[in-house]
Amino acid sequence: MGYLVGVTVLWAFSFSLIGVYLAGQVDSYFAVALRVALAALVFLPFLRPGLLRGRQRLVLMGLGAVQLGLMYIFFYQSFLLLSVPEVLLFTIFTPLYITLLDDALFGRFTPFYLLTAALAVVGAGVIRYDGLDGGFLLGFLVVQGANLCFALGQVGYRRLSDELPASLPRHSVFAWFYLGALAVALPAFALLGNASALPTTGVQWGVLLWLGLVASGVGYFLWNLGATRVDAGALAIMNNALIPGGLLVNLVIWNRDADLGRLALGGAIIAGSLWLNEWWVKRRAAVAA
């Protein structure tokens, strides 16, 4: 859980950096490709190809292609179809996808995880719901594509990790994850990117370096590692903990308007869903013992 909490704080800062210094100023496809390339550079020095079999390498690359590459393509396209509040609202369904996919991949069904994930969705909705404009169905579907990609990447990594030896140093193979994402991000920039909208200031380059080396590099490694060390319910809930975290950072540092009452209420619901999940997991373990 410590990994997930730490990365939540890290990514909460990243969202504000993107919104203030990059959005509408730097080509999004270039930003994604550079972030993924820098993240790959962080882990390439540690790569030991012989630690994974051929199929395992392909699976890890596929997870990177889906969780990072395809997810970002869907996500950035959604801003062409929806307002920012609508995009943020529609991302709250990720916990439900995580619980359903995790049960499907591990061959079980856990209704209680759906309950706690649904509570996290309600909490995020309390924070973010600002009404909807008409004609948003296509945009909703595009955002759900991004949500599914992010959820599938997390759950897929949990499933792959379950097959790997516990002694395997995960940092020595994680470069495959970013190489898979790069195989999607580079063609996307070549086909859809705008080469005339590259960074023009030192601040923009600095933000991209931070996002690539730290937020994407260290962040996704620790997030996926944390995903293997908690139950599906906790992982699902933590996906929506990013929303109040991002709002708090934005409010404190950049003094953006936020409804503090809704933020507190929604955050309390998310925290309550996490507490309820942990209580149930401990109770089930006690009964099994």
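The paragraphs below lead through a predicted model, from its confidence to a helix and two buried residues.

Residues are numbered from 1 along each chain as its sequence is written, and side-chain values use heavy atoms, with hydrogens and water left out. Because this is a predicted model, local features need pLDDT of at least 70 and side-chain atom pairs count only at pLDDT 80 or more, whereas totals for chains, interfaces and linings use all residues.

The mean pLDDT (the predictor's confidence in each residue, from 0 to 100) of the protein chain is 82, and 82% of its residues reach 70 or more. Among the elements (helices, H or I, of at least four residues and strands, E, of at least two, being DSSP runs numbered from the N terminus), helix H8 (residues 175-192) has the highest mean, 95, and helix H4 (residues 84-90) the lowest, 64. Where pLDDT is low, the predicted coordinates should not be read in detail.

Helix H5 covers residues 94-105, and its 12 residues, at 1.5 Å a residue, should span 16 Å (1.5 Å times one less than the number of residues), which agrees with the 16 Å between its end C-alpha atoms. Its buried residues (under 20% relative accessible area, with exposed over 50% and partly exposed in between, for a 1.4 Å probe and protein chains only) include Ile-98 and Asp-102. Seen down the axis of H5, the buried residues fall within an arc of 165° (taken from the directions from the helix axis to the C-beta atoms), so they line one face of the helix.

Gln-154, in helix H7, is buried at 0% relative accessible area, and, leaving aside neighbours within four places in sequence, is in contact (heavy atoms within 4.5 Å) with residues including Ile-98 and Trp-223. Ser-172, in the loop between H7 and H8, counts as buried at 4%.
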